[in-house]
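Hello,

Here is the structure I promised to pass along. Have a look first, and my notes follow below.

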Amino acid sequence: MYFLCSFVIRIFANKNDPDMKKNISLFIAGTGVVGSELLNYLKNNSTFDLYSNSFIIRVVGIVNRSGMFIDAKGINLNKWKDLLVNNGKVTDMNEYIDRMTGSGFQKAIFADCTDGSDLKNHYREILKKIPVVTPNKSANSGYYKDYVKLREIVQKYGTGFRYSANTGVGLPGIDLIHSMREGGDRIIEIKGLFSSTMNYILENMISTGRSFSDLIIEAREEGLTEPDPRIDLNGIDSARKILILAREAGAAIELDDIRIQNLVPAKLKSLDSAEQFLKAIRSYDYHFEKLKRRSLNMNCKPVYSASFKKDKGQVKIEMVNSNHPFYSAGSSEKILLIRSEFYNKYPLIIKGSSGGAKATAALVVSDILKLAG
């Protein structure tokens with residue numbers, strides 16, 4: 001029987017004596033969608049219980065591209081935007097890192113909520129002093145030697161590095177793989193549906209009969225894609241997620257070891273704007289009409305899957321029939337399949353909603369508490 005679960009994080013507010021609580025000094029980088037959601041989450045919930053310990057998370061530093069603000073007593077999260085603008089300093093990451101890795105802060109932890117790759121180059125320095133928590137995939141999906149080096153630093157200096165939101169937000173894939181390996185199991189295969197955008201488009205293309213281009217435009221208007229949908233269609237995000245899971249399972253592989261079916265037509269990759277792309281993609285609808293007819297003739301469903309097996313990874317459109325666990329996955333769901341020596345004939349399957357900024361923020365908080373505990 002397949003194992004099916006939905007990951008739910010439960011963090012309880014504690015009303016006990018504040019003197020009995022452990023303080024966490026949190027430094028945050030990035031105030032975009034995830035960073036803002038994390039700040040909002042902590043504005044409404046600052047005191048937590050985990051196992052037998054009670055914690056107070058106090059945000060003491062906020063930095064983005066425009067400025068930075070640090071207050072050792074804790075930042076008033078009802079006013080953080082005004083404080084950053086009116087009382088903050090010009091961003092200087094070296095100074096910010098010096099402050100947060102210096103003395104004077106109880107249990108300092110750094111939460112990287114940025115969406116680029118700029119800060120990953122600072123992780124080695126930071127991890128020598130304090131733990132890092134991040135939903136950002138950049139550090140774990142770069143060169144394998146850098147991936148290994150971060151773990152060597154954590155082990156040497158006894159800090160901590162957690163990134164539960166790197167793959168399939170809301171699905172505990174990374175922690176599950178760690179638990180399986182610690183129990184002596186060996187991972188044989190990993191497969192997943194990680195792209196909410198592609199799930200949405202392919203599901204509705206078959207069920208509604210609408211064109212591929214119309215569904216891309218609709219998904220963009222509803223905020224289901226990046227501002228430039230080519231970022232969703234090129235398969236890189238799914239490739240990075242399966243790369244990280246494969247590395248967590250013990251594989252020494254690079255991104256180049258993953259074959260990616262890029263759904264952006266070659267002639268449209270170099271167009272200057274998303275608007276130009278959306279106009280031009282209509283002329284390629286016939287490719288996807290052929291895919292739709294083939295799936296209907298085969299009585300199958302097309303899914304955009306990512307997989308890893310025998311040191312090789314792949315991201316592609318896959319046809320699955322009604323007996324396949326991916327067949328029943330809805331357009332708003334993510335699903336992960338893990339086959340191992342212990343779970344070979346009947347693999348483990350984790351299935352849940354697609355997450356979003358709130359789920360990501362909750363996972364970041366969960367990782368913070370686990371490091372602090």
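The sheet is a good place to start: 6 strands make an open sheet with mixed pairing, in the order 9-11-10-8-12-13. Strands (E, at least two residues) and helices (H or I, at least four) are DSSP runs numbered from the N terminus, and two strands pair if DSSP finds at least two bridges between them. Strand 9 (258–260) and strand 13 (348–353) each have a single partner strand, so they stand at the edges with one side left without a neighbour in the sheet. From one strand to the next, the twist averages 25°; angles run from 0 to 180 degrees between N-to-C directions, with axes fitted to C-alpha atoms, for helices over the stretch in contact.

This is a predicted model: local features need pLDDT of at least 70 and side-chain atom pairs pLDDT 80 or more, while totals for chains, interfaces and linings use all residues. Residues are numbered from 1 along each chain as its sequence is written, and side-chain values use heavy atoms, without hydrogens and water.

Strand 12 (residues 333–340) runs antiparallel to strand 13, joined by 6 bridges, and Leu336 stands opposite Ile350 in strand 13. Helix 6 (residues 173–182) packs on the sheet, touching strand 8 (187–193), strand 12 and strand 13; contact means heavy atoms within 4.5 Å. The direction of helix 6 makes about 15° with that of strand 12.

Elsewhere, the axes of helix 1 (residues 33–44) and helix 13 (residues 357–372) come within 8 Å and cross at roughly 65°. Residues meeting there include Leu38 and Tyr41 in helix 1 and Ala361 and Val365 in helix 13.

Best wishes
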